[in-house]
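Q: I should like to learn how salt bridges are read in a structural model. Could the teacher guide me through an example?

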Amino acid sequence: MTSKKDKIKEEEIVSDTGDQTTTVNDVNVQNEKEEKAGGTKKTSKKGSKSKEADKIEELEIALAAKGDQFLRLQAEFDNYRKRTLKEKMEMIKTAGEGIMLNILPVIDDFERALQSMEDAKDATAVAEGLNLIYKRFIDFIKQNGLKEIEAKEQEFDTDVHEAITKAAAPSENLKGKIIDVIQKGYLLNDKVIRFAKVVIGE
């Protein structure tokens, strides 16, 4: 039969230093504390993992939404580009149609003049008729932005004139200036579409 004194001895555990004594009960209590602490740590780790997963899912949803938005914008821009290109082509066609429509009366006048020339006996009347048609045609091209480049007896300007050759100037004040025009030049809405080919006096 184990005495009470022996039981206490069995439950006692002496530390390596020999200065302190720890009982089995104390060890059990310590183990329980450690288990509880370990459980709390595991729970906190599980919680943080769950939060990370939720955050990743949110980011994936946001990324998918942005990708969809980008694709929609790209499709809209492509449609806009095609539409504006089509409108531009139609405008060019319409502009050409308008000019041709306005030039038809001038063609009609030329045809009438040609018919009258066959029966005309007075050359002066024919010349006057052709002169009227010419003036009407010049007015028409001016209305559409076409303008003749002034050249004769003007200072030579490389922006609008093209020198073909040089010749002796008929007077001292025409030296270095344009004394003759070989081919007229034209501006369309202030843009040179054909340079005036000229002769410069020297």
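The dialogue below concerns salt bridges in this predicted model.

Q: What allows two side chains to pair in this way?
A: Side chains of opposite charge can pair when their charged atoms come close.

Q: How many salt bridges are there here?
A: The count comes to 7 salt bridges. Among them is the one between D78 and R81, whose closest N and O atoms are 2.8 Å apart.

Q: Where do D78 and R81 lie with respect to one another?
A: Both belong to helix α2, which covers residues 24–119. Because they are 3 residues apart in this helix, about one helical turn separates them.

Q: Which residues are linked with D78 in a network of salt bridges?
A: The network links D78, R81 and K82. The side chains of D78 and K82 meet at 3.5 Å, N to O. D78 and K82 are 4 residues apart in helix α2, so they too are separated by about one helical turn.

Q: How accessible are the members of this network, D78, R81 and K82?
A: D78 has 28% relative accessibility and counts as partly exposed. R81 is partly exposed at 41%, and K82 is partly exposed at 48%.

Q: Which residue forms a salt bridge with E172?
A: The partner of E172 is K175, with the closest N and O atoms 3.4 Å apart.

Q: Are E172 and K175 exposed or partly exposed?
A: Exposed means over 50% relative accessible area. E172, at 61%, is therefore exposed, whereas K175, at 43%, is partly exposed.

Terms used:
Residues are numbered from 1 along each chain as its sequence is written. This is a predicted model: local features need pLDDT of at least 70, side-chain atom pairs count only at pLDDT 80 or more; totals for chains, interfaces and linings use all residues. Side-chain values use heavy atoms; hydrogens and water are left out. A salt bridge is a side-chain nitrogen of Lys or Arg within 4 Å of a carboxyl oxygen of Asp or Glu. Helices (H or I, at least four residues) and strands (E, at least two) are DSSP runs, numbered from the N terminus. Buried means under 20% relative accessible area, exposed over 50%, partly exposed in between (1.4 Å probe, protein chains only).
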